[in-house]
Amino acid sequence: MSRFFSGKYASLKAYVPGEQPQDRKYIKLNTNESPFPPSPIAQRMAREEAGSLELYSDPAQRALREAASQAYGLPAENIVFGNGSDEILSFAFAAFCDEERPAVFADITYGFYRVFAEANRVPWREIPLKEDFSLDAEDYVGAGGTVFIANPNAPTGIALPLSEIERIVAGNPGNVVVIDEAYIDFGGESAVGLIKKYDNLLVVQTFSKSRSLAGGRLGMGFASKEIINDIDTLRFSANPYNVNRMTAAAGVGALADKGYLRFCTERIKATREKTAAALAALGFRLTDSSANFLFAEHKDIGGRELYLALKEKGILIRHFDAPRISERNRITIGSEEEMEAFVAAVAGILEEKRAKKTGEADR
Ligand code: PMP
C-alpha cells in the first residue's frame, strides 16, 4: 500500500479471480468460461467494427438495447449494458444500498458481492443457506435491505424455481431485489418476465458464459425504466463509453444468433450430466447443478488435495478456502474431451491414493 492510499480502503480485501497461470498449457475448468468460441456472427461483426475504433462507442447503447429488446421482448428502455455483469452489479450496490438499506445475500454465493459492498462502503448481511446448500425463500421475505441472489447460485449450481424468486420480489416491495442470472441459460427459469409486474426487480445476465464472450466483457441488466435510469446516472458518472465498439458489435451478433446459443448450452448441459454421472460413479457427492459447472466432494480426498493433485496433472479446477465449502471443488464444464480427460485424471488420483493406503496397511 502506498502512503497515499485512502484510509477508507485500508481494510478492503479485493476479489481474487480464478488463477490464470502461464507456466504451461492447462485444461482450464476453473473460471466457468465456455469451451466454445463466440458465435461466428459475433466474431465477424466485431472484426468489421475494428475499422471504426477511432470513434467512441455509443453511450446510449442503442444497437445493443435494440437487439436485446428483440431477443427478450422488452422495451429498450428496460435494458442496460455493462462492462461485464460485474459492472452492473457494482452499480447496483452503489445505487441501491446505504446505511438504511444494507446489502443482503447468502453466506455461500458469488464472492464478489461482499467485495462490492465493502468497496462501495455499504453495510451487508449474510443469510446462511440450509445444510444442503438450498436457499429458503422465506428467509428473504421482508429482508430489510437490498437483496442479491444468484440464480442458479454459485458455486453450488442450485436453481430456485421462479415461484420462489417471485415470492422474494413480492416480499420486499420497499427494496430492490437483484437476481443475478449469470448461469440461467444452462437451466433454471429466468425472472426477466417479471420485470413488467414488479418495479423493484433488477435482473442481471452476462455474455461471459453461455455466449462465449468472457474476454469481451459484456453484461446486461433488465428492470423498470426508473431503475435503468438510476444505473445510467451512475454509468454516465463513471464511464459513458463502458462498452467498447468491438464488444458492442459482438454482443449484437451474439443476441441475433439464437441457434448458436442453443447449440452451445445444449452441448454443455449434456456434458454436465455425463460428467456428473461419471463423478457419482467414482463416489463423489454432487449438488444438483443447473449451471455450467459442478460442485463436488469426495469422502476419501480433501478439496484442496484434489485441486492440487489435478493442477500437477495440468488440470485447473476452483477450490475455495472458505467455511462450509473447503472440502468441495467447483468444476467448470469444458468440452467433451476435456471432461473425459478430467474424469480419467480424477479416477487415477483416487486409485493412487487407495493403493498407497492399502500399501501402508500391509506394511
Ligand atoms: N455473477 C456470477 C454469479 C458469476 O459467477 C460471475 C462470473 N464470475 C459474474 C456474475 C460476473 O461475470 P461477468 O462480469 O464476466 O459478466
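In this predicted model, helices α3 and α4 sit oblique to each other, because their axes meet at about 50°, an angle that is neither under 35 degrees nor in the 65 to 115 range that counts as roughly perpendicular. Helix α3 covers residues 85-96 and helix α4 covers residues 112-119, and the two axes are 9 Å apart. The crossing of α3 over α4 is right-handed. On the α3 side, the contact is built from Asp 86, Leu 89, Ser 90 and Phe 93, while α4 brings in Phe 112, Tyr 113, Phe 116 and Ala 117. Sorted by type, that set comes to six nonpolar residues, one polar and one charged.

Two of the α3 residues in that contact, Asp 86 and Leu 89, turn up again around the ligand. The rest of the ligand's surroundings are made up of Gly 84, Ser 85, Tyr 110, Asp 180, Ala 182, Tyr 183, Thr 206, Ser 208, Lys 209 and Arg 217. Some polar atom pairs can be picked out here. Asp 86 uses its backbone, with a polar atom 3.1 Å from an oxygen atom of the ligand. Asp 180 works through its side chain instead, where an N or O atom is 2.6 Å from a ligand nitrogen. Tyr 183 also takes part through its side chain, placing a polar atom 2.6 Å from an oxygen atom of the ligand.

Just past α4, the backbone does something a little unusual. Most residues other than glycine have a negative phi, and most peptide bonds are trans. Arg 121, in the loop between α4 and β4 (124-127), has a positive phi, near 55°. Further along, the loop that runs from β5 (146-150) to α5 (162-170) holds Pro 152, and Pro 155 has its place in that loop between β5 and α5 too. Both prolines follow a cis peptide bond: Asn 151 is joined to Pro 152 with omega at about -5°, and Ala 154 to Pro 155 with omega near 5°.

Later in the chain, helix α10 (residues 336-362) packs against α8 (residues 258-281) at an angle of about 10°, with 10 Å between the axes. That angle makes α8 roughly parallel to α10. From α8, the contact takes in Thr 271, Lys 274, Thr 275, Ala 278 and Leu 279; from α10, it takes in Glu 336, Met 339, Glu 340, Phe 342, Val 343 and Val 346. The tally for this contact is six nonpolar, two polar and three charged residues.

Helix α10 has another partner in α9 (residues 303-312), whose axis crosses that of α10 at roughly 115° and comes within 10 Å. This crossing is right-handed. Glu 305, Leu 306, Ala 309 and Leu 310 represent α9 in the contact, and Phe 342, Ala 345, Val 346, Ile 349 and Lys 353 represent α10. Here the residues split into seven nonpolar and two charged, with no polar ones. Phe 342 and Val 346 belong to the α10 side of the contact with α8 and also to that with α9.

Finally, there is Glu 297, which lies in strand β10 (residues 293-298). Leaving aside residues up to four places away in sequence, Glu 297 touches Gly 283, Phe 284, Arg 285, Glu 327 and Arg 328. With one of these, Arg 328, Glu 297 shares a side-chain polar contact of 3.1 Å. Gly 187 is another matter: 110 residues away along the chain, its C-alpha atom is separated from that of Glu 297 by 22 Å.

Definitions and conventions
Residues are numbered from 1 along each chain as its sequence is written. This is a predicted model: local features need pLDDT of at least 70, side-chain atom pairs count only at pLDDT 80 or more; totals for chains, interfaces and linings use all residues. Side-chain values use heavy atoms; hydrogens and water are left out. Axes are lines fitted to C-alpha atoms, for helices over the stretch in contact, and angles run from 0 to 180 degrees between N-to-C directions. Helices (H or I, at least four residues) and strands (E, at least two) are DSSP runs, numbered from the N terminus. Angles under 35 degrees count as roughly parallel, over 145 as roughly antiparallel, 65 to 115 as roughly perpendicular and the rest as oblique. A crossing is left-handed if the near helix is turned anticlockwise from the far one by less than a right angle, and right-handed if clockwise. Contact means heavy atoms within 4.5 Å. Ala, Val, Leu, Ile, Met, Phe, Trp, Tyr, Cys and Pro count as nonpolar, Asp, Glu, Lys and Arg as charged, and the others, Gly among them, as polar. A residue is near a molecule or strand if one of its heavy atoms lies within 4 Å of it. A polar contact is a pair of N or O atoms within 3.5 Å; within protein, one must be able to donate a hydrogen and the other to accept it, and residues adjacent in sequence count only if both atoms are side-chain atoms.
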